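The following text walks through a single protein chain, one region at a time. Please keep the sequence and the model open while reading.

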Amino acid sequence: MDMIDKIKLMAENFNPDFIKENFRWREIEIDDEEFTELDFELNRYLQTNITKKSKMFSLRMLLTENLRTGTYSLSINGSIRKWYFDKNSRKDLNYYEFIDCIEILGCKLGLKKGEIWRMFKVTQLEIGITLLLKSFTNDILDCFVKYRNAKRDDKNVTSVYFRFTNYDLLIYDKYLEILGKKELTKTDKRIISKYLMLRFEIDINKVSIPIFKMKYHKLSSLKSNWNELPNELYKYLNAIKFVDTISKKEVINENNKPKISKNDFINWSFYSYMKITGIHKTIMDFNEMVLPNNKSKHFNDIMNIYKSHIISERDYKAIILYELKKKTDRLYNKGNFRYINT
């Protein structure tokens with residue numbers, strides 16, 4: 001479980017002397033006469049430290065020269081967690097290792113200790129967590145039905161996106177993603193029957209937007225606001241509208257139908273429609289047909305009608321939020337840190 005994985009860093013007015021002298025850059029052809037771009041894949045270790053069987057993970061660096069002003073900008077993009085741990089790419093990246101990772105990166109760029117924090121801004125950021133849950137949650141993705149006015153995308157059966165212009169919320173089955181499209185083995189099927197590796201990510205494509213800018217736009221701010229990351233994950237996951245589509249549905253005995261009130265009949269009719277149409281198609285119809293006045297209240301009313309006809313076996317959302325808090329607390333409170341030399 002990691003809280004920060006992929007990141008894109010940007011430094012303006014960067015002095016390129018050290019990295020141009022020490023790295024073999026590859027020129028990239030671009031359709032702009034005012035700029036030139038050089039590309040380099042930065043490895044954590046020297047090639048001599050890696051066996052032939054090992055696969056190194058690189059960060060992509062892009063050095064851009066403005067020919068009109070003679071200035072340079074440097075962008076760095078990739079998974080800093082995989083870059084830091086390299087072969088042990090599933091290991092957690094805690095606060096101290098995050099600091100160590102960035103300092104190592106600064107050293108490789110020829111910067112003095114601490115200088116990288118002041119020079120670089122964060123332009124893109126992935127905050128994520130993977131939760132190991134029991135198998136009763138295997139159909140849990142279907143329960144995440146709505147997030148504000150985001151577009152829900154579930155075209156991939158193993159993942160659900162809630163998309164905005166500048167950021168996405170993503171929930172998916174991590175184990176199935178690791179397996180890819182290969183045929184499941186007996187071991188895979190046994191694991192899936194017992195556990196669910198639920199991954200939740202906040203993928204921020206533009207950190208400079210107001211809701212993220214103050215906390216994460218500067219690399220130094222990201223470091224100082226590390227303790228906000230668990231709250232960020234909890235806040236966004238909790239804000240997703242959750243409807244239990246797993247538990248049993250209440251059924252009326254056809255041979256002994258109870259007498260019900262008018263309101264109960266209307267509610268049952270609504271529920272029957274949702275059951276036949278499907279919860280997600282119902283939400284799509286609601287968004288297209290209902291006027292915006294008090295739309296949020298009306299939506300909650302409809303979802304409450306659905307929930308009232310479900311015999312809930314467990315509070316699934318509460319279980320997920322509890323596991324999230326437990327894991328983020330453990331990662332944030334890690335104190336065993338050993339400096340790893342470059």
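In this predicted model, I260, F265, I266 and F270 make up a nonpolar patch on the surface. Together these four residues have about 370 Å² of accessible area. One of them, F270, belongs to helix α10, which covers residues 262–277. The relative accessibility of F270 is 40%, so F270 counts as partly exposed. That value falls between the limits of 20% and 50% that separate buried from exposed residues.

The patch can be set against the totals for the chain. The accessible surface of the chain comes to about 20300 Å², and carbon and sulfur atoms account for 50% of it. The chain has 342 residues, of which 43% count as buried. Its secondary structure consists of 13 helices and 14 strands. Of the contacts between residues at least 6 apart in sequence, 68% join residues that are at least 24 apart.

Strand pairing is the next topic. Strand β6 (residues 121–134) pairs with strand β1 (residues 4–11) in the antiparallel sense, over 5 bridges. Within this pairing, I7 has L125 in β6 as its bridge partner. Strand β6 is also joined to strand β11 (residues 195–204), again antiparallel, by 10 bridges. Here K134 has Y195 in β11 as its bridge partner. Strand β6 is thus bridged to β1 and to β11.

Strand β1 also contains D5, which takes part in side-chain interactions. What does the side chain of D5 meet in a salt bridge? The partner is R81, with an N to O distance of 3.2 Å. R81 lies in helix α2 (residues 80–85) while D5 lies in strand β1, so the salt bridge ties together parts of the chain that are 76 residues apart in sequence. R81 and D5 are both buried. In general, side chains of opposite charge can pair when their charged atoms come close.

D5 has a further partner in S79, a residue of strand β5 (residues 71–79). The side chains of S79 and D5 are joined by a polar contact of 2.2 Å. The side chain of S79 also reaches the backbone nitrogen of K82, at 3.2 Å. With neighbours within four places in sequence left aside, S79 is in contact with D5, K6, F57 and L59. Is S79 buried or exposed? Its relative accessible area is 4%, so S79 is buried, the cut-off for that class being under 20%. The side chain of D5 therefore takes part both in the polar contact with S79 and in the salt bridge with R81.

The structure holds 16 salt bridges. Another of these joins the side chains of R163 and D153, also at 3.2 Å from N to O. This pair links distant parts of the chain, with R163 in strand β9 (residues 159–163) and D153 in strand β8, 10 residues apart. The two partners fall into separate accessibility classes: R163 has a relative accessible area of 31% and is therefore partly exposed, whereas D153, at 12%, is buried. R163 and D153 also belong to a network of salt bridges that links them with K155 and D168.

A further salt bridge is formed by E201 and R199, whose closest N and O atoms are 3.0 Å apart. Both of these residues are buried.

Two loop residues remain, and both concern the backbone. Most residues other than glycine have a negative phi. N13 has a positive phi, near 50°, and is not a glycine. Where does N13 lie? It is in the loop between β1 and α1 (17–22). N13 has a relative accessible area of 62% and therefore counts as exposed, the limit for that class being over 50%. R148, likewise not a glycine, has a positive phi of about 45°. R148 is located in the loop between β7 (144–146) and β8 (151–153).

Terms used
Residues are numbered from 1 along each chain as its sequence is written. This is a predicted model: local features need pLDDT of at least 70, side-chain atom pairs count only at pLDDT 80 or more; totals for chains, interfaces and linings use all residues. Side-chain values use heavy atoms; hydrogens and water are left out. Two strands pair if DSSP finds at least two bridges between them. Helices (H or I, at least four residues) and strands (E, at least two) are DSSP runs, numbered from the N terminus. Patches are made of residues with over 30% relative accessible area and no salt bridge: like charges are joined within 9 Å, nonpolar side chains (Val, Leu, Ile, Met, Phe, Trp, Tyr) within 5 Å. Accessible areas come from the Shrake-Rupley method with a 1.4 Å probe; for residues, only the protein chains shown count as cover. Buried means under 20% relative accessible area, exposed over 50%, partly exposed in between (1.4 Å probe, protein chains only). A polar contact is a pair of N or O atoms within 3.5 Å; within protein, one must be able to donate a hydrogen and the other to accept it, and residues adjacent in sequence count only if both atoms are side-chain atoms. Contact means heavy atoms within 4.5 Å.
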